[in-house]
Amino acid sequence: MRDLDESKVLELMQSYEQVGVINPISVDEDLNLIAGAHRLEAAKNMGWTTIEAKVFNQDDLQRELIEIDENLIRNELCYVAVGEHIRERERILESLGKRRQRGSNQYADDQDSLTTEELALRTGSSSKMYRLKRQVADLVPEVRNALRGTEYARKNLNDLLNLTRQPASVQRRVGELIKEDPRQTLRFHIDTANIEVTTDRDKSQLVAELKEKWGVPFSVMRFDRENHQLSRICRQVTKHTDCRVIKGDVTGREMPNYSGFVDHSLFLLEYFVRRPGARVLDNFCGKGTNLIAGLWMGMEMHGFDLNPRLIDRIQEVVDEHLPEGSLHLYNENGVTMQPLKDEHETFHAIVTDPPYLNCPDLYTNEPEDLSQMKQPEWEVMMREAFRNYYRLIKRSSVKDKTFYPLMLRMTADPTEDAWTKAMEEALHRQPKKPRDSVTSHEVTPEFHPVIMKMNASRRAETGMVSMDFILARIAEEEGFTLWDRTFNTLAPAAVSVSTLRNYDFHYTHKNWETTLVWIKQ
């Protein structure tokens, strides 16, 4: 009924060499081929003289089609069974000459054949949803068998579709993992299998690619949840059952507590810290994204958190995937930092994400947890934290730099190329340093930042409270110099259900977080 695709035949031959025939061909009682032309051609090319076949007559096919339709319309099947039923239904319709072939002329005079849109309509689905459900049948057979009837196959179609895009080796490992630990999410098992099975890019290549992606480091940037090996390692903590905290449900989608973007952490460490082997502190380490990014870059990382489950899980993941890393974890109060009470100016950098003000995310039931505190008490605790930062961070010597005003010409062109050209012209106009071969020398100033990511909250009739303004004031009073302020744009998941509410209250929807950088001079 359709021309052979030689590439598909070749794929089947390779599959036959590895695992043999999985799905037999279908023939009628006179041994006319009903379905399986590519499978039959692959077997011929392999030199086989026999191949397994199912023999059908018209009545058999009609009875099977009625049973499939009843199952699909009852809508009691899991996504795996639905995908299998859709595929089998289409195969039977093709055998009966009632299914229009993909790639055929949709305007041809073929009144009896059904299009995908018509098939979807008969099951009460949109054409798009019908196609997505059908894709689940692409999973390798043993994984379909492992998933069929489980909660994994009932809950999240997107995760199942993600699994269909994975190599067969990853799919098979996922099938083993869901039997070993059925508490974890399917996405978590996919990440685990990818780390175990695939050989990803090495560290230097990934960091180089990220640096290339950053381009000019503007004050407003965007970092997405990229799917590379380091992000998968981080998700071994953030998506783990013992670490995941769900704070709400938006249109059927679970909203977990905040977890950082590892690419953002890499950028902050690479751009602001820059020192191989740097001793770095994260005193509100949470799910460890900053810590794991620092270990990936070869830094010595120290982390505090009150939640023992997070501390234990971070250590487990690091022991498994970054065993050579230098990591020091403390299940202690990250404000007082008692294990470091005798240290002075021992850290090259501090990179952290304090719990957001006014309790949008709750992490533990500990009374000393900042997520449990109202603003006055929260400010007192953060003042103590900054006092300890001032004791622990090394002093920066940026005063040894020579500062010149940099004058850029105005341009209406917003592109990065135009900005780069204007910067080159401005640098060319800069005063040249005097050359004195006897007395002049290059000074490399020490730069030891305290970097903090934060956001703002709204407190009903009292209005907006911005963490960056509050913390900038506290840090200045404790002796720090505010050195840089950057913004990270976000894609908030709740925007679809918040638009009308925000309109009623004359709010815009927040899609940013702020990063402040301080130094001690």
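Let's start at arginine 409. This residue is partly exposed, with a relative accessible area of 36%. Keep in mind that we are looking at a predicted model.

Where does arginine 409 sit? Its place is the loop between helix 17 (375-392) and helix 18 (416-429). Now look at what it touches. Set aside the neighbours within four places in sequence. Arginine 409 is then in contact with Lys421, Ala422, Glu425 and Arg429. One distance to go with that. Arginine 409 and alanine 426 are 17 residues apart in sequence, and 7.8 Å apart in space, C-alpha to C-alpha.

A second residue, glutamate 11. You will find it in helix 1 (residues 6-19). Glutamate 11 is partly exposed too, with a relative accessible area of 47%; the band for that class runs from 20% to 50%. Its distance to histidine 38 is 9.8 Å, C-alpha to C-alpha. In sequence, glutamate 11 and histidine 38 are 27 residues apart.

Now the chain as a whole. It has 521 residues, and 45% of them are buried. The protein chain holds 20 helices and 15 strands. What share of the contacts with a separation of 6 or more comes from residues 24 or more positions apart? The share is 72%. On the surface side, the protein chain exposes about 28400 Å². Carbon and sulfur atoms supply 49% of that area.

On to helix packing. Two packed helices are described by the angle between their axes and the distance between the axes. I have three pairs.

Pair one is helix 6 (residues 127-135) with helix 9 (residues 157-164). Their axes come within 9 Å and cross at roughly 55°. That makes helix 6 oblique to helix 9. The crossing of these two, helix 6 and helix 9, is left-handed. Which residues of helix 6 and helix 9 meet? From helix 6, we have Met129, Leu132, Lys133 and Gln135. From helix 9, Leu157, Leu161 and Thr164. By class, the contact of helix 6 with helix 9 has 4 nonpolar residues, 2 polar and 1 charged.

Pair two is helix 10 (residues 168-180) with helix 11 (residues 186-197). The axes are 9 Å apart, and the packing angle is about 125°. Helix 10 and helix 11 are therefore oblique to each other, since that angle falls outside the 65 to 115 range for roughly perpendicular and is not over 145. Helix 10 passes helix 11 in a right-handed crossing. On the helix 10 side, the contact uses Ser169, Val170, Arg173, Val174, Leu177 and Ile178. On the helix 11 side, the partners are Leu186, His189, Ile190, Thr192, Ala193, Asn194, Glu196 and Val197. The contact of helix 10 with helix 11 divides into 8 nonpolar, 4 polar and 2 charged residues.

Pair three is helix 12 (residues 203-214) with helix 14 (residues 262-273). Here the axes come within 11 Å and cross at roughly 90°. So helix 12 and helix 14 are roughly perpendicular to each other. Helix 12 brings Val207, Leu210, Lys211, Lys213 and Trp214 to the contact. Helix 14 brings Asp263, Leu266, Phe267 and Glu270. How do the residues in the contact of helix 12 with helix 14 split by class? There are 5 nonpolar, no polar and 4 charged.

To recap the angles. Helix 6 is oblique to helix 9. Helix 10 and helix 11 are oblique to each other. Helix 12 and helix 14 are roughly perpendicular. Thanks, that's my slot.

Technical notes
Residues are numbered from 1 along each chain as its sequence is written. This is a predicted model: local features need pLDDT of at least 70, side-chain atom pairs count only at pLDDT 80 or more; totals for chains, interfaces and linings use all residues. Side-chain values use heavy atoms; hydrogens and water are left out. Axes are lines fitted to C-alpha atoms, for helices over the stretch in contact, and angles run from 0 to 180 degrees between N-to-C directions. Helices (H or I, at least four residues) and strands (E, at least two) are DSSP runs, numbered from the N terminus. Angles under 35 degrees count as roughly parallel, over 145 as roughly antiparallel, 65 to 115 as roughly perpendicular and the rest as oblique. A crossing is left-handed if the near helix is turned anticlockwise from the far one by less than a right angle, and right-handed if clockwise. Contact means heavy atoms within 4.5 Å. Ala, Val, Leu, Ile, Met, Phe, Trp, Tyr, Cys and Pro count as nonpolar, Asp, Glu, Lys and Arg as charged, and the others, Gly among them, as polar. Buried means under 20% relative accessible area, exposed over 50%, partly exposed in between (1.4 Å probe, protein chains only). Accessible areas come from the Shrake-Rupley method with a 1.4 Å probe; for residues, only the protein chains shown count as cover.
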